[in-house]
Amino acid sequence: MKNKYPTEVLREEKRYPITVIHLISFTALFKITTFSLTDNPDGQLAAPRRPSWGRNFLKKLIAIWPQLSRKISQHVFDQPDTFSLIPVKNAFIIPGGRFKEFYYWDSYWILKGLLLSDMKETAKGIIDNFIYMVSTYGFVPNGGRIYYLNRSQPPVLTLMMKDYVQYTNDFVFLAKRIDVLEKELQFWLKKRVTKVVKDGESYHLAHFDSESDTPRPESYLEDLETCSVYNTTEQQHECYTDLKSGAESGWDFTSRWIFDYEGEPDTDLTKISTRRNIPVDLNAFLYKSFRQMQYFYLILRRHDEAKYWQDKAEEWKINIEKVLYNTEDGIWYDYDLKLNKPRRHFAASNFAPLWANAIDEDLKKERGQNAARYLKKYGILEFHGIPSTLFTSGLQWDFPNAWSPYQNIVIFGLERSGDQEAQSIAKALAHKWVQSNMRAFDENKVMFEKYNSLISGQFGGGGEYHIQSGFGWTNGSIMELIDYYFRVKSRKHRPIYD
Ligand SMILES: OC[C@H]1O[C@H](O[C@H]2O[C@H](CO)[C@@H](O)[C@H](O)[C@H]2O)[C@H](O)[C@@H](O)[C@@H]1O
């Protein structure tokens with residue numbers, strides 16, 4: 001069949017018969033077991049500052065880093081056209097399982113875990129890989145393959161730099177790279193921002209919007225099948241673009257991106273319309289990054305640039321408040337660009353502005369209180385992890401799956417609101433999540449990419465592939481939770497909680 005495989009895949013498959021491909025993937029990436037000399041993978045996390053159960057678990061997690069570390073071999077640099085890997089110089093940490101290359105937003109939580117394990121050189125190298133990609137391609141691709149070059153993932157590079165600089169005080173490193181951080185955020189401002197109308201007023205906010213209208217090479221047959229319900233080529237192309245935009249969101253896939261005829265979330269993937277949604281979490285990530293740029297430029301005494309990013313942060317804060325905050329329900333909601341109305345449904349992403357602090361100082365406590373009430377209303381405390389949504393669609397970013405990054409986003413959002421009840425709920429949520437992860441680890445001897453919020457210790461399921469283990473971001477984010485909630489003494493370094 002013509003066009004059965006995308007050109008990138010064809011190029012690799014045509015040149016190399018199956019056996020050679022296997023050989024190549026074996027030699028294209030290799031594991032590194034020794035880290036840089038200044039890295040200390042025994043890590044301060046495993047030091048005797050916490051209960052012994054916590055120390056033992058953390059030691060086991062730290063021991064997983066070498067299994068997930070990769071470096072690109074010289075063959076790829078010598079013959080880049082014969083590999084699908086994007087050649088980056090420094091070692092990195094992969095998620096694990098089928099994910100054998102680096103992933104953009106996974107790396108944010110991985111980096112937190114690396115810093116908490118005192119592996120600052122590896123962390124630095126990972127940031128520099130991303131800096132290289134922004135310099136070369138103008139943005140950070142979804143992951144480390146050339147077939148990911150038509151979409152990004154939630155923007156977190158500036159936040160990675162923040163964690164690194166906060167841990168190391170390496171302002172020279174920051175000063176040399178700040179223009180590239182700026183370049184990445186300009187990509188989002190220029191390519192992903194759209195006009196939003198609410199109550200007759202216009203605002204600007206971002207949405208996910210891949211520029212490619214063909215099936216995802218890594219899930220080619222799945223996408224062909226999903227979009228085959230459409231009769232015209234134009235409709236099929238729209239469908240592919242929305243699937244790729246869904247992958248750009250990192251929530252691939254979820255009822256959040258699916259609309260029924262009345263604009264309500266749906267479980268039928270063929271109705272995917274990712275671009276129609278203004279996502280709360282994406283705009284919170286951007287707000288947090290804009291504010292961070294303001295602080296970075298102030299430290300570097302570049303006052304004009306600091307003012308530019310201060311204005312952007314203020315604009316985003318106002319727009320998040322006016323368009324996404326729902327005073328009646330006391331929470332933020334995604335916004336439907338077509339029907340100009342909020343999508344009033346539970347999602348773990350609804351809490352992201354609390355975590356990003358996209359709130360006026362005098363409203364912080366009240367917003368924390370409201371968010372706590374909202375969690376209780378939906379009985380979220382009864383679960384073993386905060387589920388992505390409350391829709392059972394069979395898609396992996398829906399009920400009952402709970403994903404690690406959003407545990408930290410919700411928990412640290414509640415924690416930093418300063419409201420006492422919100423803080424005690426945050427602690428209870430952290431306990432349940434850590435418990436479930438530890439139970440699963442005891443039974444299976446591995447960490448998973450997602451968990452089932454209905455059963456403590458049970459891994460998640462659904463979606464287009466089987467459950468994967470490893471797992472980079474789960475390990476990084478649980479280290480952050482354990483470090484914050486299960487500590488018995490003060491620490492040498494300043495914490496990096498977010
Ligand atoms: O191959 C299917 C999809 O797999 C990735 O998405 C999932 O794994 C990623 C790595 O852990 C994670 O970043 C993402 O949030 C998950 O949904 C990949 O990112 C997708 O682009 C890809 O289509």
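The exercises below work through confidence, strand pairing and a disulfide in the structure above.

This is a predicted model, in which local features need pLDDT of at least 70 and side-chain atom pairs count only at pLDDT 80 or more, while totals for chains, interfaces and linings use all residues. Residues are numbered from 1 along each chain as its sequence is written, and side-chain values use heavy atoms, with hydrogens and water left out.

**Exercise 1. Find where pLDDT stays under 50 over residues 1-26 and 489-498, and state how many contacts the model has for each stretch.**

Begin with the scale: pLDDT is the predictor's confidence in each residue, from 0 to 100. For the protein chain the mean is 90, and 88% of the residues reach 70 or more. Next take residues 1-26, where pLDDT stays under 50 and the model has 25 contacts (heavy atoms within 4.5 Å) beyond four places in sequence. Residues 489-498 likewise stay under 50, with 35 contacts beyond four places in sequence. Finally, recall that where pLDDT is low, the predicted coordinates should not be read in detail. For the complex, the predictor gives an ipTM of 0.95 and a pTM of 0.92.

**Exercise 2. Trace the pairing of strand 4 with strand 5, and then the order of the open sheet of three strands.**

Two definitions come first: strands are DSSP runs of E with at least two residues, and helices are runs of H or I with at least four, numbered from the N terminus; two strands pair if DSSP finds at least two bridges between them. Strand 4 (residues 193-198) and strand 5 (residues 201-206) run antiparallel and are joined by six bridges, with Val-196 having Tyr-203 as its bridge partner. Two residues lie between these strands in the hairpin, where Asp-199 takes a positive phi near 45°.

The open sheet has the order 6-9-10, with antiparallel pairing. Its edge strands are strand 6 (277-278) and strand 10 (341-342), each of which pairs on one side only. Strand 6 is joined to strand 9 (residues 335-336) by two bridges, and Asn-277 stands opposite Asp-336.

**Exercise 3. Locate the disulfide that involves Cys-227 and determine its handedness.**

Apply the rule that a disulfide is a pair of cysteine sulfur atoms within 2.5 Å, which gives a count of one. Cys-227 is joined to Cys-239, with S to S at 2.0 Å. The pair links distant parts of the chain, 12 residues apart, with Cys-227 in helix 10 (residues 220-227) and Cys-239 in helix 11 (residues 233-249). Because the torsion about the S-S bond is about -75°, the disulfide is left-handed. Both Cys-227 and Cys-239 are buried, a term for under 20% relative accessible area, with exposed meaning over 50% and partly exposed in between (1.4 Å probe, protein chains only).
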